[in-house]
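Thanks, everyone, for making the time this morning. I would like to take you through a few positions in the model on the screen, and I will go slowly.

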Amino acid sequence: MNKPRWVMDGGFWELDRSTPRTIEGEGRAVPGEPLPLGVSRGTRLSRPKQIDFFQRFMFAPFIPSYSASSHGLSLQRVLALPFTQKWFATLLAQFNLQKFVSSFKKNGALQSSRLENMRKHLEDRSLYALGCCSELLLSPDDTLLLSLDFYGDDNSKKPRKKAIFHHKFPNHNLNVEAVWPGLFIDKAGNYWDVPFSTAIDLASLASDSGASYHFCMHHNAGQPEQLGGDETAEVPATLLPGISLRSAFTLKKNVEIWRSNAKKLKMVQPFDIFLSNPHISASGIIGAAVMACFGNNSVRPQLVDKSQQFEGFYLHAPAVKSTLLVDTFSSVSFTAQHGNFQRLLLDLTRFHARLDFPSGSKFLSVATRLAQDFFNSQQPTMETVQAICPKATISFQQQIAGPFSFRVDSGVEIDWQNKDWHMRVDDPVFSIEYALHVLGSAKAVAWYSPKHREFMVELRFFET
């Protein structure tokens with residue numbers, strides 16, 4: 001299994017987002033709109049394989065999930081069909097527990113027999129959803145995944161179909177994906193169904209330091225449909241019908257400031273081998289990005305985020321509906337960890353902070369404006385000061401007891417309108433993690449997002 005990418009390029013690529021709104025437990029971020037770290041996902045096990053692991057090795061008969069804006073509280077269970085070593089098929093069943101309980105309480109008093117009433121409610125097909133998934137290992141380097149989801153007799157939820165082909169080149173990954181309809185989530189929490197979406201994604205494997213690149217061709221067809229959230233929200237430009245080509249080249253440098261030389265406990269395996277060395281480190285990323293759009297998605301020359309006016313180089317040809325955008329970006333992160341995650345109590349405290357500068361041209365433009373204001377002895381406006389501030393995200397993790405730890409991931413924004421406290425959190429995600437130390441670096445994660453009002457239990461490997 002490849003180590004998942006850290007979400008350094010979440011503002012440019014459509015990374016997966018964990019969400020209980022679909023049976024497979026994932027959606028895609030709208031390109032250009034970063035997601036909170038706690039739910040952003042790189043390469044991972046499919047949802048059926050996660051639930052199969054919970055059932056087999058953690059004795060969990062049902063896995064809960066919750067979505068306030070969709071189906072409420074649901075339970076999932078999977079039936080694995082390992083036909084051969086190269087072909088793994090699953091049937092994932094979902095039961096809407098909240099809807100069943102609400103309906104039973106509402107109509108239970110009208111029935112002479114509670115058992116008869118329960119039986120009739122259980123026959124309601126709208127309580128159920130079924131996901132069929134087939135994963136075929138074509139060769140040691142090629143994998144084909146096909147999935148089909150059904151949502152009872154609820155006509156408002158169309159069956160979701162997906163096909164993914166994955167190939168491993170030397171130091172590269174190639175993914176070809178087609179999904180109809182495709183679920184996308186914007187930063188404001190709105191959900192969008194794109195009738196048909198395809199993507200071809202080629203990326204060099206992430207490394208601790210050095211150069212890497214990423215290329216993606218994305219095609220959308222049909223008018224996006226909003227599923228929930230702000231009804232007045234405008235459709236994100238990059239979800240409109242059309243073809244987009246995006247490429248990025250990055251340089252990354254890691255600097256180790258301090259690392260503990262203290263000896264670890266003998267004959268005691270850390271709960272997570274990736275979190276077993278106290279240290280302080282920093283890293284920096286700088287890169288250049290190019291985006292070319294052809295079709296209706298190129299009508300508005302922007303990098304999606306309307307709160308940040310695009311200052312980079314772009315060419316827009318309305319007659320042929322095409323746009324070319326070029327810009328630079330950078331990111332700086334800092335990590336500090338105390339404890340070896342070996343002892344039973346409070347042996348892990350970890351803090352991570354990241355500052356993102358998504359547009360280098362805008363940063364230089366605003367910095368020049370600030371310099372002119374200072375040179376002319378003029379007080380800069382709050383909008384100018386806020387525009388030069390980077391996007392900040394923080395993550396804090398604390399061991400509670402044994403393999404259990406608490407973690408919070410959140411964005412941080414400056415709110416100049418609040419005179420008492422200018423800083424505010426943006427889209428926090430709270431989670432409880434259970435480290436599966438027998439596997440080296442794996443964990444069961446139960447997370448909750450107050451903004452989206454969503455809860456999920458997941459299995460994650462090789463993530464820090």
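I will begin with two single residues and then turn to a surface patch.

Please keep in mind that this is a predicted model, in which local features need pLDDT of at least 70 and side-chain atom pairs count only at pLDDT 80 or more, while totals for chains, interfaces and linings use all residues. Residues are numbered from 1 along each chain as its sequence is written, and side-chain values use heavy atoms, with hydrogens and water left out.

Let me start with Gln50, which sits in helix H1, residues 47-57 (a helix being a DSSP run of H or I with at least four residues, a strand a run of E with at least two, both numbered from the N terminus). Gln50 is buried, with a relative accessible area of 0%, where buried means under 20%, exposed over 50% and partly exposed in between, using a 1.4 Å probe and protein chains only. Its side chain nevertheless reaches the backbone nitrogen of Leu459, at 2.9 Å.

His452, in the loop between strand S24 (442-449) and strand S25 (454-461), is also buried, at 7% relative accessible area. Beyond its neighbours within four places in sequence, His452 is in contact (heavy atoms within 4.5 Å) with Arg17, Ile185, Gly189, Tyr191 and Asp427.

What, then, is on the surface? Phe396, in strand S21, is partly exposed, with a relative accessible area of 33%.

Technical notes. Polar contact = N/O pair within 3.5 Å; in protein donor to acceptor, adjacent residues only side chain to side chain.
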